[in-house]
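Thanks, everyone, for making the time. I would like to walk through one model this morning, going slowly over a few of its side chains, and I will ask you to keep the structure in view while I talk.

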Amino acid sequence: MKLAVAATGTFGANILPKIAARLPVDYLLTRPDRPKGRGRRLAAPPAKDVAEDLGIAVQQPERLAGFDLDADAVLLVDYGALIPTELLEQALWLNVHPSLLPRWRGAAPVERAIMAGDNQTGVSVIRLVEELDAGPVGAVSEFPIGPDDDAGVVYDRAAGLAPDLVEQVLASQEFRPQDGEVTYADKIGPEDRVLDWSRPTEELHDRIRALSPYIGARGELHGRPVIVWRSRLGDDGLEILEVQPEGGRRMTLDEFERGLRS
């Protein structure tokens with residue numbers, strides 16, 4: 001079986017070497033390099049950097065329409081674009097999705113699960129269909145979300161479970177329809193990042209850890225705008241542990257407050 005991996009972002013970049021350690025990957029299909037940062041210099045997608053380190057060929061079409069797939073199966077993880085019907089019909093497309101589908105279909109399944117206070121999630125391998133994250137399930141694995149787990153921890157846990165599931169599905173190619181209530185994990189927008197300190201402490205803690213370590217929740221401390229990266233729930237309520245002042249580096253709350261006094 002000729003296997004390609006379609007991946008772009010951090011989650012896909014994390015899974016790619018784990019898959020390549022078990023199965024021969026013919027090439028990586030990823031998004032084109034894009035301008036990034038203040039200097040707007042072209043930057044490669046995270047998955048491309050990993051593929052090049054592994055010696056895996058990279059394909060970066062600007063448009064997928066008309067692309068010569070030349071693969072029997074494609075594993076899609078965090079690719080970031082819709083797959084045209086013409087390509088779906090050319091191969092077996094599998095998708096690694098970090099949730100217990102049909103709960104949290106969409107762009108931000110881990111972040112939305114943590115924000116909602118879920119204490120259980122998982123990773124599902126489905127057959128890709130045109131409807132968003134609606135394909136039949138080939139394999140699934142559940143795991144708990146700890147009270148202080150952030151999105152990075154949950155994504156890493158899902159990435160670690162994915163290779164076994166992918167191998168199972170490629171071997172059996174058996175699928176069952178999704179079953180249960182459908183919920184949607186909308187993309188994180190600017191309003192999702194705002195910390196309203198009048199909200200319940202558990203809700204604030206869940207928002208902070210849901211947006212760490214990749215996005216960041218925004219609020220004001222001592223009259224200064226900051227990104228809040230880490231917190232915990234203590235006996236006296238919400239404890240802020242790590243912040244990043246505007247234009248500054250990440251630091252502990254103690255460091256931040258010492259800087260205000262100096």
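Before I name any position, one cut-off: a residue counts as buried when its relative accessible area is under 20%. Please also bear in mind throughout that this is a predicted model.

With that in hand, let me start with V166, which is found in helix α5. Is V166 buried or exposed? Its relative accessible area is 1%, and because buried means under 20%, V166 is buried. As for what surrounds V166, and leaving aside residues up to four places away in sequence, this side chain's residue touches I19, L23, L75, V96 and V125. By contrast with those contacts, the C-alpha atoms of V166 and S262, which are 96 residues apart along the chain, are separated by 54 Å.

Let me move next to D149, which you will find in the loop between β10 (137-144) and α5 (151-172). D149 has a relative accessible area of 14%, and since the limit for buried is under 20%, D149 is buried as well. Which polar partners does the side chain of D149 have? A polar atom of that side chain lies 2.6 Å from the backbone nitrogen of G146, and the side chains of D149 and R157 are joined by a polar contact of 3.2 Å. R157 also appears among the residues that D149 touches, together with I114, P144, V154 and R209, again not counting residues up to four places away in sequence.

Now to the rings. How many aromatic pairs does the structure hold? There are 2 aromatic pairs. In one of them, the rings of F11 and Y155 have their centres 5.3 Å apart and their planes at 55°, so this pair is tilted. The pair links distant parts of the chain, with F11 in helix α1 (residues 10-20) and Y155 in helix α5, 144 residues apart, and both F11 and Y155 are buried.

Y27 and F67 form an edge-to-face pair, with 6.4 Å from centre to centre and 65° between the planes. Here too distant parts of the chain are linked, since Y27 sits in strand β2 (residues 25-29) and F67 in the loop between β5 (57-59) and β6 (73-77), 40 residues apart. Y27 and F67 are both buried.

Finally, two arginines deserve a look alongside the rings: the charged end of R250 sits over the ring of W229, 3.6 Å from its centre, while R127 lies over the face of F175, at 5.7 Å from the ring centre.

Methods:
Residues numbered from 1 in each chain as written. Predicted model: local features only at pLDDT ≥ 70, side-chain atom pairs only at ≥ 80, totals over all residues. Heavy atoms only, no water. Helix = DSSP H or I, 4+ residues; strand = E, 2+ residues; numbered from the N terminus. Buried < 20%, exposed > 50% of the residue type's maximum accessible area, 1.4 Å probe, protein only. Polar contact = N/O pair within 3.5 Å; in protein donor to acceptor, adjacent residues only side chain to side chain. Contact = heavy atoms within 4.5 Å. Phe/Tyr/Trp six-rings, centres within 6.5 Å; stacked < 30°, edge-to-face > 60°. Lys NZ or Arg CZ within 6 Å of the ring centre and 35° of its normal.
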